[in-house]
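Open the model in your viewer and keep the selection panel at hand. This tour goes from stop to stop and says what to pick next.

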Amino acid sequence: MNTPTLGVSAETGLDISGVIYNYTAVKDLEDDFTVTVGNEDLDGGYIWKDTEDWSGKYGMKLRKFIPIPYTPIELFGKGSIATTGKGSVEDASVIYMYRWDLCRNAQNDKSCPNYIPPLPVIPVIEIYDALEDEFVKDATKETDDVGTDKDEDTRETEEEEEEKERLEIAMAASENALTIANTASQASLLLRINNATNVSSYYVAQIQGGVYRESIALQGGEIVDNRKALRSLAQDNLMNDMIQEQYK
Amino acid sequence: MRKLALLLSLILGVTSAYAGTNINGNVESRCTVNTDTAGYYGNPNAYTLTTLPASAGQVPIIRIDTSLATAYKAQISYPTSFSSSPSLGDTVVWTGAVAVDQTSSSDMSGYQAASTTADGGAMRIYPLTVAGATWFSVASVATYGGGQQKAFPGGSYTAVVVAECIAQ
């Protein structure tokens, strides 16, 4: 039950204690006619329901009070006036009696026991989800296979098949080439074998000639080290000069 | 013998004593009468006072509640005289109607048909056979001049609707 229906704020702490309803039953005496007034509860049943059976009775104005144990407004569902049989309901109205329990919500008033200071109102931030955007949905709506993954898959399959065909052709060509090459190499091998057979006759040939002997002789028979050179190399001066030279 | 008895009592020293003990009780009526809507007269012309809304009047509504079925009857009368008014030198013709306006149960829908009249038709009697509330409307029209359409003297006029709840 909402605020416009009640005429008061439907907030926590509002308890309904009774209902006064009235209507005028319009019917003929002999007609069967029932009128049911009530409110649904949250489970689809009725939190209260009252039925008047006007069958065989004069139609007239009815005003009725239905006492209800104090019931939170949150438990009240949709209200209805339902009829069966032949007749109609006119000038209907339903008035709810209520009480306001100020301290049901401990944040309402400082005088309430167990008062809790109200929390600041936290602004609700709406998160934009592009996937839920209608324009995005329209833009990304699948119209045909062009540019889609499916199309991409199809193209990849075709390319793979073409590649396979090319590979098969290439392999066939190389196989042919190898066959040709094998034929050529066998011919070459036979040629070399034949050449070796032809050259071997030269290996067994004897060349007429003598032996070349060593004719150079060392004078004195001893080689002595250069002492000056050893001294110079033992010092670092030359090395240092060389190092410094590169920075000049 | 009477003397003997008196003598015997004197000898025995016996004196007679008695006490009167009241038994009190209250009966709370299971029927109440309330004015739901106060009525007033409209004055559509110089010689007519009427409660009809069409003539700027208001029909009084009386509610009778009973918590006990078939124990009471309602007796409701429309006025046949003014309880207060300017001095009237001519006759006033009274007409009116008592009717069930609304009920708290469809079982009371037969009240009007089951009602009877008395007091020349000014009083209507309703057996209250169902516990609950019943609203009665009482229409009243006063015409001055005895059919000669004579103007009412200026002033304030008051008439009384009598509604009673009587045990059957």
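The stops below start at the contact between the chains and then move to salt bridges within them.

**Stop 1: the interface**

This is a predicted model. Select the residues where chain A and chain B touch. Chain A brings 10 residues to the contact, and chain B brings 14 residues. The two chains bury about 1000 Å² between them. Of that area, 49% lies on carbon and sulfur atoms. Now pick A:Met60, A:Lys61 and A:Arg63. These residues supply 57% of the area that chain A buries against chain B, more than any other three residues.

**Stop 2: polar links across the interface**

Turn on side chains on both sides. How many salt bridges are there between chain A and chain B? The count is two. To see one of them, select A:Lys61 and B:Asp101; their side chains meet in a salt bridge at 3.8 Å, N to O. Polar contacts can be shown as well: seven residue pairs make them across the interface, with both residues at pLDDT 80 or more.

Colour chain A by strand next. Strand S3 (46-53) and strand S4 (61-72) of chain A each give at least two residues to the side that touches chain B. Which element has the largest share of that side? S4(A) does, with four residues. Colour by class instead, and the side of chain A that touches chain B shows four nonpolar, no polar and six charged residues.

**Stop 3: strand to strand**

Switch to the cartoon view. Select S4(A) together with strand S7 of chain B, residues 92-103. Two bridges join these strands, which run parallel. For a single pairing, pick A:Leu62 and find its bridge partner in S7(B), B:Thr103.

**Stop 4: a lysine in a loop**

Go to A:Lys57, in the loop between S3 and S4 of chain A. Is A:Lys57 buried or exposed? Its relative accessibility is 18%, so A:Lys57 counts as buried, the cut-off being under 20%. Show the neighbours of A:Lys57. Leaving aside residues up to four places away in sequence, A:Lys57 touches A:Lys27, A:Asp28 and A:Leu29 in chain A, and B:Ser106, B:Asp107 and B:Ser109 in chain B. Then check the side chain: a polar atom of A:Lys57 lies 2.9 Å from the backbone oxygen of A:Asp53.

**Stop 5: a buried pair in chain A**

Over all chains there are 10 salt bridges. Select A:Asp50 and A:Lys64, whose side chains meet in one at 3.1 Å, N to O. A:Asp50 sits in strand S3 of chain A and A:Lys64 in strand S4 of chain A, so the pair ties together parts 14 residues apart in sequence. Both A:Asp50 and A:Lys64 are buried. Add A:Glu52 to the selection: A:Asp50, A:Glu52 and A:Lys64 are linked in a network of salt bridges.

**Stop 6: two further salt bridges**

Move to A:Glu132 and A:Lys137. They form a salt bridge, with the closest N and O atoms 3.5 Å apart. A:Glu132 counts as exposed at 52% relative accessibility, while A:Lys137 is partly exposed at 41%.

Finish in chain B with B:Asp36 and B:Arg63. The closest N and O atoms of this salt bridge are 3.9 Å apart. B:Asp36 lies in strand S1 (residues 31-37) and B:Arg63 in strand S4 (residues 61-66) of chain B, so the pair ties together parts that are 27 residues apart in sequence. B:Asp36 is partly exposed, at 32% relative accessible area. B:Arg63 also counts as partly exposed, at 23%.

Terms used
Residues numbered from 1 in each chain as written. Chains lettered and ligands numbered in written order. Predicted model: local features only at pLDDT ≥ 70, side-chain atom pairs only at ≥ 80, totals over all residues. Heavy atoms only, no water. Contact = heavy atoms within 4.5 Å. Buried area = accessible area lost by both parts, 1.4 Å probe. Salt bridge = Lys/Arg side-chain N within 4 Å of Asp/Glu carboxyl O. Polar contact = N/O pair within 3.5 Å; in protein donor to acceptor, adjacent residues only side chain to side chain. Nonpolar A, V, L, I, M, F, W, Y, C, P; charged D, E, K, R; others polar. Pairing = 2+ DSSP bridges. Buried < 20%, exposed > 50% of the residue type's maximum accessible area, 1.4 Å probe, protein only.
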